[in-house]
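Me: I should like a close look at a single part of this structure. Please describe one residue together with the elements around it.

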Amino acid sequence: MSRFVWPLVAFVVLVGFLAFGLTLKPSEVPSPLINKPAPNFTLPQLASPEETFSPEAMKGKVWLLNVWASWCYACLEEHPVITALAKTHGVPIVGLNYKDVRGEAISWLERHGNGYVLSVSDTQGRVGIDYGVYGVPETFVIDKAGLIRYKHIGAVTETAVRDTLLPLIRELEK
């Protein structure tokens, strides 16, 4: 009898774990970097590789770091929302072009518009690793002191802008 009970118990436990996993939202994975200093880096600018950018240049401003790539379908989906956020609400957004080919990324921005203050090129993905990037797109809200205050995993939607990003940005700007 016990020969059949233990496999049944193991199966029920496994189904329970799977059912619980289906209730989780991957876009709400907590980041260990929240309320910690944003990792510093110096990367070449996408449009002008002879010039570099470092987050230090944004100290004193509330800004977003948006991780994107030309090969990313979800990035294309969120791009109009990111562009509108920058243009309509005046939110400075720096693009982190992740594991991409420079020429393809520039062409992508030319085709779809460019709402970024600037984009930097992280061709090896090392900066993405420092920020704990799981995949693209991801967006970080960074405050005036250079602390990461929020991480959005996945495509930024109009709902996320209205309900989460803008209220947080406005609060941090005070």
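Reply: The following account begins with one residue and then turns to the sheet and helices.

This is a predicted model, in which local features need pLDDT of at least 70 and side-chain atom pairs count only at pLDDT 80 or more, while totals for chains, interfaces and linings use all residues. Residues are numbered from 1 along each chain as its sequence is written, and side-chain values use heavy atoms, with hydrogens and water left out.

E138 belongs to strand β6, residues 138–142 (strands are DSSP runs of E, at least two residues; helices are runs of H or I, at least four; both are numbered from the N terminus). With a relative accessible area of 0%, E138 is buried (under 20%, using a 1.4 Å probe and protein chains only). Its side chain reaches the backbone nitrogen of G135 at 3.2 Å. The side chains of E138 and K151 are joined by a polar contact of 3.3 Å (N or O atoms within 3.5 Å, one able to donate a hydrogen and the other to accept it; residues adjacent in sequence count only if both atoms are side-chain atoms). Leaving aside residues up to four places away in sequence, E138 touches several others, among them L65, V67, K151 and I153 (heavy atoms within 4.5 Å).

The open sheet has five strands in the order β5-β4-β3-β6-β7, with mixed pairing (at least two DSSP bridges between two strands). Its edge strands, β5 (118–122) and β7 (148–153), each pair on one side only.

Note on methods: Buried < 20%, exposed > 50% of the residue type's maximum accessible area, 1.4 Å probe, protein only.
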